[in-house]
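Could you walk me through this model in the viewer, one selection at a time? I would like to know what to click next and what is there.

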Amino acid sequence: DTDMGSLEAGLFAIVYRYCIRKDDNPMLNQGVIGAFVLARTLSRIQVPNYCSFAPLNCGPPLYYFDWNMIQQAGWNGAE
């Protein structure tokens with residue numbers, strides 16, 4: 001959970017920085033919404049017990065995310 005928490009905090013900090021900018025760029029506004037959705041989706045993924053930590057390794061297909069975590073991301077992102 002430490003690796004995922006670090007990624008979430010970093011992503012949220014970047015999103016928040018661009019969210020509070022006083023800019024009239026419509027693409028920036030749309031990107032902020034998408035980035036908050038991504039940060040929310042990542043925060044809802046439960047890391048299984050069989051994953052090693054520091055660095056996170058859960059096995060195939062991506063070694064950082066296994067099929068279970070990818071499925072959780074899909075369901076949470078669609079929600």
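Start by selecting Phe12, Tyr16 and Ile20: together they make a nonpolar surface patch of about 310 Å². Keep in mind as you look that this is a predicted model.

Now narrow the selection to Tyr16. This member of the patch sits in helix H1, which covers residues 2-19. Is Tyr16 buried or exposed? Its relative accessibility is 45%, so Tyr16 counts as partly exposed; the buried class would need a value under 20%, and the exposed class one over 50%.

Stay on helix H1 and click Ala9, which also has its place there. Ala9 has a relative accessible area of 47% and is therefore partly exposed. Next, add Ala39 to the selection and draw a distance between the two C-alpha atoms. You should get 8.5 Å, although Ala9 and Ala39 are 30 residues apart along the chain.

Ala39 takes you to helix H2, where it is one of the buried residues. Colour the whole of H2, residues 26-43. Its 18 residues reach 26 Å from the first C-alpha to the last, close to the 26 Å expected at 1.5 Å a residue. Which residues of H2 are buried? Select Leu28, Val32, Ala35, Ala39, Thr41 and Leu42 to see them. While they are highlighted, here is a useful rule for viewing: an α-helix has 3.6 residues a turn, so residues three or four places apart point the same way.

Move on to helix H3, residues 67-78, and pick Gln72. With a relative accessible area of 17%, Gln72 is buried, because buried means under 20%. Show what surrounds the side chain: leaving out residues up to four places away in sequence, Gln72 touches Arg44, Ile45 and Gln46. Zoom in on Gln46, as its backbone nitrogen lies 2.7 Å from a polar atom of the Gln72 side chain.

For the last stop, remain in helix H3 and select Ile70. Its relative accessibility of 31% makes Ile70 partly exposed. What does Ile70 contact, once neighbours within four places in sequence are set aside? Display Pro61, Leu62 and Phe65, and you have the answer. To finish, add Asn57: its C-alpha is 14 Å from that of Ile70, and the two residues are 13 apart in sequence.

Note on methods
Residues are numbered from 1 along each chain as its sequence is written. This is a predicted model: local features need pLDDT of at least 70, side-chain atom pairs count only at pLDDT 80 or more; totals for chains, interfaces and linings use all residues. Side-chain values use heavy atoms; hydrogens and water are left out. Patches are made of residues with over 30% relative accessible area and no salt bridge: like charges are joined within 9 Å, nonpolar side chains (Val, Leu, Ile, Met, Phe, Trp, Tyr) within 5 Å. Accessible areas come from the Shrake-Rupley method with a 1.4 Å probe; for residues, only the protein chains shown count as cover. A salt bridge is a side-chain nitrogen of Lys or Arg within 4 Å of a carboxyl oxygen of Asp or Glu. Helices (H or I, at least four residues) and strands (E, at least two) are DSSP runs, numbered from the N terminus. Buried means under 20% relative accessible area, exposed over 50%, partly exposed in between (1.4 Å probe, protein chains only). A polar contact is a pair of N or O atoms within 3.5 Å; within protein, one must be able to donate a hydrogen and the other to accept it, and residues adjacent in sequence count only if both atoms are side-chain atoms. Contact means heavy atoms within 4.5 Å. The expected span of a helix is 1.5 Å times one less than its number of residues.
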